[in-house]
Amino acid sequence: MQEFFNNLLGMQATADTITIGQTCARAVLVFLVALVLLRLSGRRTFGGNSALDMVVKFMFGALLSRVIIADAPMGVTFTAAAALVFVHRALAYAVYFSPLLRKLVKGSDSILAEGATIHQHELARASVSEQELRAGVRATANTDDLSTTKVVRLEHDGTITVVKK
């Protein structure tokens, strides 16, 4: 049975010697392991767009992709992916309890406009043009008139939100 899995997954294969079938079998295995790890990491890991979540997404994908093409040892890479999930969970837990750490890791929101008054210095600081601000207001509040809004914020995850009057 062990020999079957060794042949199926190409446990001794390298990036140069792995077959198409072994690559496909590894892809299925990586998919299943990724599903388990993502369930352990929590619902918000891949649902959020904070800097922390984006870093985890890119690192997780880059790390696991190496297993599929036999560019890295399977066990070591799965262990590293599990460690990444653990660090993400621990940091998310710490951020929940520490406002200072929360601001450092997740950033903070900024007020781009209050009513019809646009805060140009906040737009410049956030690298958001007035056209992008107005597009965000149209998409979020379904209005083109800033005077009907109370406040327009750029949230820590980069989305523009609107509170109407």
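This passage describes a helix pair, a set of paired strands and two individual residues in a predicted model.

We may begin with the helices. Two packed helices are described by the angle between their axes and the distance between the axes. For helix α2, which spans residues 20-41, and helix α4, which spans residues 74-97, the angle is about 20 degrees and the axes lie 10 Å apart. Because angles under 35 degrees count as roughly parallel, α2 and α4 are therefore roughly parallel to each other. Their crossing is right-handed. On the α2 side, the contact is made by Arg26, Leu29, Val30, Val33, Leu37, Leu40 and Ser41, and these meet Met74, Phe78, Ala81, Ala82, Val85, His88 and Arg89 of α4. By residue type, the contact of α2 with α4 comprises 10 nonpolar, two polar and two charged residues.

One of the α2 residues in this contact, Ser41, merits a brief look of its own. Ser41 belongs to helix α2, and its relative accessibility is 4%. Since buried means under 20% relative accessible area, Ser41 counts as buried. Once neighbours within four places in sequence are left aside, the contacts of Ser41 are with Val85, His88 and Arg89, and these three residues also appear on the α4 side of the helix contact.

Attention now turns to the strands. Strand β1, covering residues 110-114, runs antiparallel to strand β3, covering residues 149-154, and four bridges join them. Within this pairing, Ile111 has Arg153 of β3 as its bridge partner. Strand β1 is also joined to strand β2, residues 117-118, by two bridges, and this pair is likewise antiparallel. Here Glu114 is partnered with Thr117 of β2. Strands β1 and β2 form a hairpin in which two residues lie between the strands. In the turn of that hairpin, Gly115 has a positive phi of about 60 degrees.

A last residue to consider is Lys106, which is found in helix α5, residues 99-106. Is Lys106 buried or partly exposed? With a relative accessible area of 24%, Lys106 is partly exposed, because the buried class applies under 20% and the exposed class over 50%. Leaving aside neighbours within four places in sequence, Lys106 is in contact with Val95, Leu101 and His156. For one of these, Val95, the separation from Lys106 is 11 residues in sequence and 8.4 Å in space, taken from C-alpha to C-alpha.

Key
Residues are numbered from 1 along each chain as its sequence is written. This is a predicted model: local features need pLDDT of at least 70, side-chain atom pairs count only at pLDDT 80 or more; totals for chains, interfaces and linings use all residues. Side-chain values use heavy atoms; hydrogens and water are left out. Axes are lines fitted to C-alpha atoms, for helices over the stretch in contact, and angles run from 0 to 180 degrees between N-to-C directions. Angles under 35 degrees count as roughly parallel, over 145 as roughly antiparallel, 65 to 115 as roughly perpendicular and the rest as oblique. A crossing is left-handed if the near helix is turned anticlockwise from the far one by less than a right angle, and right-handed if clockwise. Contact means heavy atoms within 4.5 Å. Ala, Val, Leu, Ile, Met, Phe, Trp, Tyr, Cys and Pro count as nonpolar, Asp, Glu, Lys and Arg as charged, and the others, Gly among them, as polar. Buried means under 20% relative accessible area, exposed over 50%, partly exposed in between (1.4 Å probe, protein chains only). Two strands pair if DSSP finds at least two bridges between them.
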